[in-house]
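Let's take a walk through this one together, starting with the overall picture and then stopping at a couple of spots worth a look.

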Amino acid sequence: QFRLQPLHNHSRDFKNSTCWALNGSISSGDNSSIVYDDNAFLNIDSETGEVEITAEDLDDPTLPLKARSIVTAIGRGFSPEKAFRLMDDEAVLEVMDLRDYVGRSESALRRVKGRIIGADGRARRIIEETTGANVSVYGHTVSIIGRVREVEVAREAILRLIEGSEHGSVYRYLFRMRRELKKERLKLWEE
């Protein structure tokens, strides 16, 4: 759970900016700062777990929700660069708890995570390349960032792997869906 509060008159080289502070556990490691698109700044303090997001765009009422999604994505194993994809209005984050599908057995969790990742990361890489979504397997969760349709296709592929489908059949499904996703994108451009 994160607490979000605006902190006015607090800026890092941002004139007339508002800082959103989110408190929650993110990750261990060094403190890091990331600048996104010259008007958003993310500072993570790994010792306290405090995350600070400063942004110039005060007219965007969705910024606090986007900030929360970004912090959640980083906490679920995405790099900040991939998490900042959530600044796009069309991008969504979905977090799947593997325990909902295989229970609490550590061996079952390891087996299913191994199926989703695949040999040398091949399954995860194919899911990402065919759908355009980003996938992170972390702890007992699988998280997906992408446009709604990309996330739907990636989720379906992951569910098929969880249910025990052969990798080959899941790959065929993904390649078929990649063609459909391309057609949908072309149709949007035509309209």
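Of the contacts in the chain between residues at least 6 apart in sequence, 55% join residues at least 24 apart. Keep in mind that this is a predicted model. The chain that makes these contacts has seven helices and eight strands. How much of it is buried? Out of 191 residues, buried ones make up 43%. As for the outside, the accessible surface of the chain comes to about 11000 Å², and carbon and sulfur atoms account for 45% of that.

Now for the first stop: go to the loop between α4 (106-117) and α5 (122-131), where you'll find Asp120. What's its phi? Asp120 has a positive value of about 55°, even though it is not a glycine. For background, most residues other than glycine have a negative phi. Is Asp120 buried or exposed? Its relative accessible area is 77%, and exposed means over 50%, so Asp120 counts as exposed.

Next, head over to helix α7, which covers residues 167-190 and includes Lys183. Lys183 is one of the residues forming a positive surface patch, and its partners there are Arg176, Arg178, Arg179 and Lys182. Why can Lys183 be part of such a patch? Patch residues need over 30% relative accessible area and no salt bridge. Lys183 has a relative accessible area of 60%, so it clears the area cut-off, and that value also makes Lys183 exposed.

How values were computed. Residues numbered from 1 in each chain as written. Predicted model: local features only at pLDDT ≥ 70, side-chain atom pairs only at ≥ 80, totals over all residues. Heavy atoms only, no water. Patch = residues over 30% accessible without salt bridge, like charges linked within 9 Å, V, L, I, M, F, W, Y side chains within 5 Å. Areas by Shrake-Rupley, 256 points an atom, 1.4 Å probe, with all protein chains shown as cover. Salt bridge = Lys/Arg side-chain N within 4 Å of Asp/Glu carboxyl O. Lys, Arg positive; Asp, Glu negative; His and termini not counted. Charge placed at Lys NZ, Arg CZ, Asp CG, Glu CD. Helix = DSSP H or I, 4+ residues; strand = E, 2+ residues; numbered from the N terminus. Buried < 20%, exposed > 50% of the residue type's maximum accessible area, 1.4 Å probe, protein only. Contact = heavy atoms within 4.5 Å.
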